[in-house]
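Got your viewer open? Let's take a walk through this protein, one selection at a time.

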Amino acid sequence: NKKAKKAEAEKEIKRTNVLKRILVILTTVLCAAILFAGTVKALVSLKILSLHTITGGAGTPLPKDDFGHTNILLLGQGDEGHQGADLTDTMMLASIDPKTDSVVMLSIPRDLYLTKPGDKMQPGRINEQYWNYRRALEFGPDKLERSAASQIAMRELADQLGKLLNIQIHHTIKVDFIGFVQAVDAIGGIDVDVPSGLVDTQYPGPNYSYQTFAISAGLQTLAGDTALKYARSRHSTSDFDRSKRQQMILK
């Protein structure tokens, strides 16, 4: 009957949402830890939850390109207290190879300027494309709700990047600073061997202020909040140093 079908459908939706949260936890660590401009290639072994475990639980195999890979655009942005909260300053393409349970990642520079982004988006910096198009959908003739506008804007950005890179992008995931902190805390923190001490007196604080972030050299377990600061800090060292730190966090 209709009630039974409705109850079963709701149950399936809840189960799917749980699986999505698991996938977000995994990809958040990959996405939000990389906040630098450049290209990164890394192989990540999925030992706790394999790709086959996730897809098997979902009951539906992931889509694949001609090479048998599943490609996901990972977007990272600040939280509501961040000055550029809606800018996707972290942009990474993750290509999953189910045969080897590995992921190869390509980081996209946030200042890359698109001169011909397509019919639906305007020329400009690549980290502004999602935000601008989402706002156009929200306040345009159709006046879409933010959640719906966000989904469409992410999909359009993925399609445009796919055309530019000549690669098929199947899915898009967007997370913020809070999601990164929660992901690191959910696994009990991460062990990082800090090669040298760091003192950043201009780390972003609340209400557009600055605060001092300091960390000592040596092996230590970083909670989510400290891991985020270690990944984001950039005023006391170079971008190359920051890139090394973020690669350490990613591993």
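Which residues of H3 are buried? Keep in mind that you are looking at a predicted model, then select helix H3, residues 129-139. The buried ones are Gln129, Tyr130, Tyr133, Arg134, Leu137 and Glu138. Colour them and look down the helix axis: they cover an arc of only 155° around it, which puts them on the same side of H3.

So what do those buried residues pack against? Show strand E1 (70-77), strand E4 (113-114), strand E5 (124-125), H4 and strand E6 (171-176), and you have the partners.

**Next stop: H3 and H4**

Two packed helices are described by the angle between their axes and the distance between the axes. Add helix H4, residues 146-165, to your selection. The axes of H3 and H4 come within 8 Å and cross at roughly 135°. Angles over 145 degrees would count as roughly antiparallel, and 65 to 115 as roughly perpendicular; H3 and H4 are therefore oblique to each other. The crossing of H3 past H4 is right-handed.

Now turn on the side chains where the helices touch. On the H3 side, pick Gln129, Tyr130, Tyr133, Arg134, Leu137 and Glu138. On the H4 side, they meet Arg146, Ala149, Ser150, Ile152, Ala153, Met154, Glu156 and Leu157. Try colouring this contact by residue type: you'll get eight nonpolar, two polar and four charged residues.

**Over to a loop: Lys64**

Click on Lys64, in the loop between helix H2 (51-58) and E1. Which residues does Lys64 contact, leaving aside its neighbours within four places in sequence? Light up His69, Thr70, Pro98, Gln168 and His170. Gln168 deserves a click of its own: Lys64 and Gln168 are 104 residues apart along the chain, yet their C-alpha atoms are separated by 8.6 Å.

**Another helix: H6**

Jump to helix H6, residues 224-232. Seven of its nine residues are buried, so H6 is largely enclosed by the rest of the structure. To see which ones, select Gly224, Ala227, Leu228, Lys229, Tyr230, Ala231 and Arg232.

**Zoom out**

Finish with the whole protein in cartoon view. How many helices and strands are there? Count along the chain and you should get seven helices and 10 strands. Of the 251 residues, 43% are buried. And among contacts with a separation of 6 or more, 59% are between residues 24 or more positions apart.

Definitions and conventions:
Residues are numbered from 1 along each chain as its sequence is written. This is a predicted model: local features need pLDDT of at least 70, side-chain atom pairs count only at pLDDT 80 or more; totals for chains, interfaces and linings use all residues. Side-chain values use heavy atoms; hydrogens and water are left out. Axes are lines fitted to C-alpha atoms, for helices over the stretch in contact, and angles run from 0 to 180 degrees between N-to-C directions. Helices (H or I, at least four residues) and strands (E, at least two) are DSSP runs, numbered from the N terminus. Angles under 35 degrees count as roughly parallel, over 145 as roughly antiparallel, 65 to 115 as roughly perpendicular and the rest as oblique. A crossing is left-handed if the near helix is turned anticlockwise from the far one by less than a right angle, and right-handed if clockwise. Contact means heavy atoms within 4.5 Å. Ala, Val, Leu, Ile, Met, Phe, Trp, Tyr, Cys and Pro count as nonpolar, Asp, Glu, Lys and Arg as charged, and the others, Gly among them, as polar. Buried means under 20% relative accessible area, exposed over 50%, partly exposed in between (1.4 Å probe, protein chains only). The arc is that of the directions from the helix axis to the C-beta atoms.
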